[in-house]
Amino acid sequence: MMMHNIASARFANPGDSQAVIATHTNGSEFQTSVDSDVEGGIVAFLADGGTVGAYVEPIRSKDELLLYAADKRWQVETGGITVAGIAIPTDDRAKLLINGASLGMADTDTAMFVSGTTAAELTGAQFTAFNSAIIAHVQACFAVQSVVMADIESDTITTTAEIDAADWP
């Protein structure tokens, strides 16, 4: 005998085993948790043989996917790189400072560079190498984004998970 008003249920978030989106028998959806028994909730549904389905990513418009791809590119672009074993920040401020050092220093001049817990005296030539690596990294990010954008437009990419899985540098 059914003691609940739930027609189906699925997990609300990827990797989350507690939050559930339940569909009421009248078709409306609501969020609950797997241990909720409010008003004959999910506990009764599960006890009656119901199962919670896998997370299903919401359908997003092309515009939403393009915005997500732009944000993903920015996150990767500014997430840093490693050059010669040294972590190099690639946020906009770091890019400006490294570019300035590479342009303003002779190859044999030296200056201190600090990144996280690493401090090193670098030459102008090293700053130039870092700057070149950052430029290559940024261009690689834009190249991947342009492919992702074309794949979104052609309906080859239809989810944020597919954007995340692209070959980002």
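User: Happy to start with Lys95: is Lys95 buried or exposed?
Analyst: In this predicted model, the relative accessibility of Lys95 is 15%. Buried means under 20% relative accessible area, so Lys95 counts as buried.

User: Thanks! Which residue of helix 2 forms a salt bridge with Lys95?
Analyst: Lys95 lies in helix 3 (residues 92-104), and its partner lies in helix 2, so the pair ties together parts that are 18 residues apart in sequence. The closest N and O atoms of the pair are 2.4 Å apart. That partner counts as buried, at 6% relative accessibility. The residue is Glu77.

User: Which other side chain meets Glu77 in a salt bridge?
Analyst: Look within helix 2 (residues 62-77), where a residue four apart from Glu77 is separated from Glu77 by about one helical turn. The N to O distance in this salt bridge is 2.5 Å. The partner is buried, with a relative accessible area of 12%. The side chain is that of Arg73.

User: And how accessible is Asp92, buried, exposed or partly exposed?
Analyst: Asp92 and Lys95 are three residues apart in helix 3, about one helical turn, and their side chains meet in a salt bridge at 3.2 Å, N to O. The relative accessibility of Asp92 is 46%. Exposed means over 50% and buried under 20%, so Asp92 counts as partly exposed.

User: Nice, which residues do the shared partners join into one network?
Analyst: Glu77 pairs with Arg73 and Lys95 pairs with Glu77, while Asp92 meets Lys95. Salt bridges that share partners therefore link these side chains. The network consists of Arg73, Glu77, Asp92 and Lys95.

How values were computed:
Residues numbered from 1 in each chain as written. Predicted model: local features only at pLDDT ≥ 70, side-chain atom pairs only at ≥ 80, totals over all residues. Heavy atoms only, no water. Salt bridge = Lys/Arg side-chain N within 4 Å of Asp/Glu carboxyl O. Helix = DSSP H or I, 4+ residues; strand = E, 2+ residues; numbered from the N terminus. Buried < 20%, exposed > 50% of the residue type's maximum accessible area, 1.4 Å probe, protein only.
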